[in-house]
Amino acid sequence: MKKRSLRIAIVGATGLVGRELITLLERRRFPVGELLPFHSGRKRASVKFRGRKIPAQAVSLPLLKTADLTFMVSSDEVSLEYGPALAKAGKWVIDDSSAFRLDSKVPLIIPEVNADRLSRHSRLIAGPNCTLTGAAVAGLPLIKAGGIRSVRIASYQAVSGAGKAALEEFANQSRAASTGRPVPAARALPRRIAMNLFPQVGSFNGHGHSSEESKVMAELRKIWGLPKLPISVTATRVPVERGHSLSFWIETRKPISPLKARQLLQRADGVKVWPEGNYPTPLEIAGSWPVHVGRIRPGTSKNELCLWVVSDNLLKGAALNSIQIAEALLKRGWL
Ligand SMILES: NC(=O)c1ccc[n+]([C@@H]2O[C@H](COP(=O)([O-])OP(=O)(O)OC[C@H]3O[C@@H](n4cnc5c(N)ncnc54)[C@H](OP(=O)(O)O)[C@@H]3O)[C@@H](O)[C@H]2O)c1
């Protein structure tokens, strides 16, 4: 079969997720003929791909339309402006913003969970919120084996989940705090994050849920195809650079022992189970591809299990998931 050589655009190529995408395109030998990197155009910037520096440019729809596939990794507003126009022009778009995730016409995809929802006619595809990815992947084999009644999640989310401005704020505050200088005020995040944590990711709605908590509930229900599933979430931002951790409680219809859960998870696609007595931490798993699971133990009843789940928010939570979607399109011969 002739090897394809594709024109690949990245909108948001100079951001945290965009830079990871570029590295993954190279590392996973994605058949890129030409890379078109776009950014806000506010400052001059370039990206490095296959040892070559490529200048990033301000977004141009005519130029984007020359690409076979566009990864959208900038903001909801930018995705809303360009995503549908590109899909209408017959181009593939993989969008990591939250703009289309709950749109019933847009597939919301984690390849290990629901690649069967991809269709050659739905050219705009959404990737999920980075917090729920670990729960979606780790929960699936348990649901398949035991059915499901409810889920509870407490998240411990890295600062990189809020983009490069938040990460810079974290670094500046940490430097100041550790050298006894005045700590810069919070701007990108709602509170000071250095030597602190807070139970707010996004803004609060009328029911008291943060936008992150609402996204996790709604997107998990869509991805698992369980629109009425009871889910309770507390999303917390913690002073960690990268890697989202979850306390994950899952109540199944049929009891599953911790030993059985361990065996099911060991066979699951995209999951790494840690040995008993050990557990993953964000620092240890940063830069890795799987969803890491440890501390598999009984919950409050024989139908409940507790798990500790950690995944790299910039990789499985964003860039890697998007590349895996693109690889699935290639495999089907649609791209
Ligand atoms: N961070 C995560 O863990 C994560 C996980 C899942 C999904 N996502 C989603 O992925 C997207 C990117 O997140 P990120 O963390 O990489 O953000 P980021 O580090 O803040 O980067 C944002 C990127 O968007 C570009 N940009 C900003 N305004 C633009 C405009 N008007 N036109 C074109 N490009 C523009 C920026 O360009 P400049 O360099 O010129 O500013 C930069 O390249 C967001 O939608 C986010 O919700 C992020």
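The following exchange goes through a predicted model, its ligand site, its cores and several single residues.

Biologist: What do the numbering and the confidence limits rest on?

Modeller: Residues are numbered from 1 along each chain as its sequence is written, and side-chain values use heavy atoms, with hydrogens and water left out. Because this is a predicted model, local features need pLDDT of at least 70 and side-chain atom pairs count only at pLDDT 80 or more, while totals for chains, interfaces and linings use all residues.

Biologist: Which residues come nearest to the ligand?

Modeller: A residue is near a molecule if one of its heavy atoms lies within 4 Å of it. There are 25 residues around the ligand. Those that come nearest are Thr14, Val17, Ser40, Lys164 and Asn313.

Biologist: How far is an oxygen atom of the ligand from an N or O atom in the side chain of Lys164?

Modeller: A polar contact is a pair of N or O atoms within 3.5 Å; within protein, one must be able to donate a hydrogen and the other to accept it, and residues adjacent in sequence count only if both atoms are side-chain atoms. A backbone N or O atom of Leu16 lies 3.0 Å from a ligand oxygen, and a side-chain N or O atom of Thr14 is 2.5 Å from a ligand oxygen. For the side chain of Lys164, the distance is 2.5 Å.

Biologist: What share of the ligand's accessible area does the protein cover?

Modeller: Accessible areas come from the Shrake-Rupley method with a 1.4 Å probe, and for residues only the protein chains shown count as cover. On its own the ligand has 910 Å² of accessible area. The share covered by the protein is 81%.

Biologist: Which helices each supply at least two residues of the shell around the ligand?

Modeller: Helices (H or I, at least four residues) and strands (E, at least two) are DSSP runs, numbered from the N terminus. The helices that meet this count are H1 (16-27) and H10 (315-331).

Biologist: In the largest nonpolar core, which residues touch the most other members?

Modeller: A nonpolar core is a set of buried Ala, Val, Leu, Ile, Met, Phe, Trp, Tyr and Cys residues joined through side-chain atoms within 4.5 Å. Buried means under 20% relative accessible area, exposed over 50%, and partly exposed in between (1.4 Å probe, protein chains only). This core has 53 residues, and the ones that touch the most other members are Trp224 and Leu307.

Biologist: Which helix gives the largest share of this core?

Modeller: The largest share amounts to 7 residues. They come from the helix spanning residues 133-146, which is H5.

Biologist: How many residues are in the second, separate core?

Modeller: Among its members are Val47, Ile54, Phe71 and Leu315. The number of residues in this second core is 35.

Biologist: Is Asn303 buried or exposed?

Modeller: Asn303 sits in the loop between strand E13 (291-298) and strand E14 (304-311). Contact means heavy atoms within 4.5 Å, and beyond four places in sequence the contacts of Asn303 include Arg149, Ile250 and Glu251. Its relative accessibility is 7%, so Asn303 counts as buried.

Biologist: Is Arg187 buried or exposed?

Modeller: Arg187 lies in the loop between helix H6 (164-179) and helix H7 (211-224). Its C-alpha atom is 8.8 Å from that of Ala165, 22 residues apart along the chain. With 77% relative accessibility, Arg187 counts as exposed.

Biologist: With which side chain does the side chain of Trp274 make a polar contact?

Modeller: Trp274 is in the loop between strand E12 (271-273) and helix H9 (282-285). Its relative accessible area is 10%, so Trp274 is buried. Residues that Trp274 touches include Arg262, Tyr279 and Pro280. The polar contact, at 3.0 Å, is with the side chain of His292.

Biologist: What is the phi of Arg50?

Modeller: Most residues other than glycine have a negative phi. Arg50 is in the loop between strand E3 (46-49) and strand E4 (52-55) and is partly exposed, at 45% relative accessibility. Although Arg50 is not a glycine, its phi is positive, at about 50°.

Biologist: The backbone oxygen of which residue lies 3.1 Å from a polar atom of the side chain of Gln173?

Modeller: Gln173 is in helix H6 and counts as buried because its relative accessibility is 0%. Residues it touches include Val183, Ala185 and Arg192. The backbone oxygen at 3.1 Å belongs to Pro184.
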